[in-house]
Every structure is written in C-alpha cells, then in structure tokens.
Amino acid sequence: MSTGNNFCGINFQPAIFNASGAWCASETELRDLGKSSAGAILIKSTTLEPRSGNDKPRFFTNEFGSLNSMGLPNLGPQKYKEILPTLRQYKKPIIASIAGMSPDHFVPISQHYLDAGVDALEVNLSCPNLVGKPQIAFDFEKSRNILQDVKNIAGKTPVGVKLPPYPDPIFNIQMAHIIRELKIDFVTVINSVPHCAFIDSEKEEFVIKNKFGGLGGKYVKPVALGQVRRFYELLEGKVPIIGCGGIETGKDIVEHFLAGASTVQVGTQLMKEGPQVFARLEKEFSEELEKKNCTAKDLVGRAKPREKQLGEMLDY
Ligand code: RRO
C-alpha cells in the first residue's frame with residue numbers, strides 16, 4: 001500500500017521526512033537524510049547570517065521526549081545554496097525553512113533559496129528560543145505581512161507556514177483566515193511547545209543552560225493532533241497539513257493522517273535514532289496501511305467523533 005503522497009505538485013515518497021532542526025544543519029547531516037528513506041530533505045531554519053546558536057547544553061532527551069533551546073544554529077543561506085546541488089543527487093524534494101531575525105530578513109533569505117531552485121519554502125513563524133523575541137505567529141499583522149512578502153516573490157514555488165501550538169482556537173481561526181486570504185500552500189503544525197522546563201531533582205538544576213526550551217516527542221503528540229485537526233477543519237481539507245509532533249511508530253503516523261495530515265515530519269525520534277528511523281517508520285506505516293487495506297492518502301482526515309456505544313458507561 002502506498003506510503004507516499006503528492007501535494008503542491010511535490011511527490012513525497014514516503015510521506016515522512018525530517019522536521020526542521022532535526023539532523024539537518026550540517027552538510028553531513030543533510031547528506032545523511034539524502035541517503036536515508038526520508039521522503040524529502042528539509043534544511044534547518046536559516047537566518048540571513050550564519051549563527052552558532054545558544055550556549056550548550058541546549059538539547060536534552062528522555063524516554064518521553066526532548067527539550068531544546070538551540071537558538072537557530074545554522075550555516076546561513078549562502079552556504080546552504082552551495083550545498084544544494086550535491087543534495088539533488090538523492091532525487092528527493094528539497095524544502096528550505098526560513099527564519100528571519102527581523103521581519104525584513106524573510107524575503108532576502110527566501111530569495112537565496114528560490115535562486116537555488118528549492119521545491120518549497122516553509123516560513124518558520126514559531127521559533128521558541130530567541131530570548132527577548134516573541135514568536136511571530138502570535139502577532140497576526142506581522143505574520144500576514146511576512147507571508148504576503150514571501151508569497152509575492154515565490155512565483156510557482158509553494159510557500160508553507162510553520163506554526164506553534166495555539167492555546168485557544170481563536171488563534172487558529174485568525175491564522176486560518178490569513179492562510180486562506182494569501183493562498184498559503186501548506187501548514188506545518190506543530191513547532192515545539194514553548195517555554196517548558198525539566199529539572200534534575202538530585203542535582204537541583206535545569207537540564208539545559210537556558211532553563212526554558214521547546215518540548216517535543218511523546219509528550220506533545222496530543223497537542224499536535226489537536227492542532228492538525230483544528231487546521232484541517234478550519235481550512236476545510238483544502239490546504240495540505242504537515243503533521244509534526246510525537247511520531248515514534250507507524251501507528252503515530254496513522255493518527256496524524258487520520259487527524260488531517262497529508263504528510264508527517266519527525267524531530268525528536270530522528271535525533272534519538274538517527275536517519276535509519278525513516279526506513280523503520282516507512283515499514284511500520286506500510287504494515288498499518290496493509291491492515292487497513294488503504295493508502296496513506298485515503299486516511300487523511302478520516303477520524304470521526306466517538307459515538308456512545310449501547311450500554312457504555314460514559315455518562316459524565
Ligand atoms: O533553533 C531552535 O532553537 C529552534 C527553532 Br528555530 C524552532 O523553530 N523550533 C525549535 O524547537 N527550536
């Protein structure tokens with residue numbers, strides 16, 4: 001059964017690839033993704049100038065997930081532009097993630113990647129780890145202007161937006177309005193859950209230098225599924241959604257598709273397991289599809305509300 005999907009004129013085979021930030025900052029990591037079974041290569045969120053990121057330790061994992069305060073370490077658009085032709089040999093779609101340190105940086109960063117012929121742009125409005133800089137996605141006017149500016153120069157190249165988990169659906173409604181108005185091509189949800197903290201009780205210290213970071217992994221799967229479904233409904237299934245958050249198994253991928261995702265990204269589990277995670281997930285997803293006797297595409301948005309069963313004690 002097909003684990004692939006096709007949208008915005010891009011073929012994802014399988015419909016599983018890396019989340020921006022996970023294993024995609026250096027040339028070696030990007031080549032690793034190319035050699036893996038990932039269905040696309042997504043480059044680390046890129047700022048106009050290269051950045052070394054926040055002080056270490058800045059990444060932590062446990063059995064339930066991860067916490068990061070990376071602070072956008074990336075090689076900058078010039079370097080990624082140089083690497084891009086070598087990534088073409090892997091014959092996968094290549095997507096660039098754009099993260100301006102200021103609103104007027106989004107267009108020049110995007111232009112570098114458009115010149116290099118990337119297959120899509122994912123505009124990251126939700127970096128949680130820049131101290132003193134709020135996530136842009138909560139400022140709807142700023143978000144609209146940035147997306148409009150990038151859309152204006154992108155021509156036929158699809159432009160998507162990467163969003164944070166919104167704590168109330170009123171925010172999803174406002175963002176969905178912008179997405180529809182500007183004809184944004186896809187939506188990626190969710191970025192990590194911001195300003196979380198882990199504390200080691202024996203050492204009596206935070207697990208990362210910056211104390212606060214973005215939460216990912218198993219902890220966030222229900223949050224991600226809720227956001228995928230919200231946007232699926234608000235956009236009436238007409239704008240493809242990339243589901244991201246808590247994918248560890250083929251069943252998790254099925255859940256994201258049932259919620260409304262058309263493809264998925266893997267972050268925490270990729271960091272834990274390395275790029276061989278994609279071969280395992282593709283196999284597990286394929287097995288789940290065999291059991292259901294359907295393709296990945298058939299699953300999109302298929303989850304329905306639970307009905308009360310006869311005799312079931314669910315009265316409160
Ligand atoms: O680099 C980061 O600290 C980072 C980014 Br840009 C992002 O979008 N999400 C995240 O969890 N970390």
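A polar contact is a pair of N or O atoms within 3.5 Å; within protein, one must be able to donate a hydrogen and the other to accept it, and residues adjacent in sequence count only if both atoms are side-chain atoms. This is a predicted model, in which local features need pLDDT of at least 70 and side-chain atom pairs count only at pLDDT 80 or more, while totals for chains, interfaces and linings use all residues. Residues are numbered from 1 along each chain as its sequence is written, and side-chain values use heavy atoms, with hydrogens and water left out.

**Ligand contacts**

Three side chains have polar atoms at these distances from the ligand.

| Residue | Ligand atom | Distance |
|---|---|---|
| Ser192 | oxygen | 2.6 Å |
| Asn191 | nitrogen | 2.7 Å |
| Asn124 | oxygen | 2.8 Å |

On its own, the ligand has 320 Å² of accessible area (Shrake-Rupley method, 1.4 Å probe). The protein covers 93% of that area. The residues around the ligand (a heavy atom within 4 Å) include Lys44, Met70 and Cys127.

**Cis peptide bonds**

The bond from Lys56 to Pro57 is cis, with omega near 0 degrees. Another cis bond joins Val189 and Ile190, with omega about 10 degrees.

**Positive phi**

Cys8 is not a glycine, yet its phi is positive, about 55 degrees. Cys8 counts as partly exposed because its relative accessibility is 28% (buried is under 20%, exposed over 50%, partly exposed in between; 1.4 Å probe, protein chains only). Trp23 also has a positive phi, near 55 degrees. At 22% relative accessibility, Trp23 counts as partly exposed.
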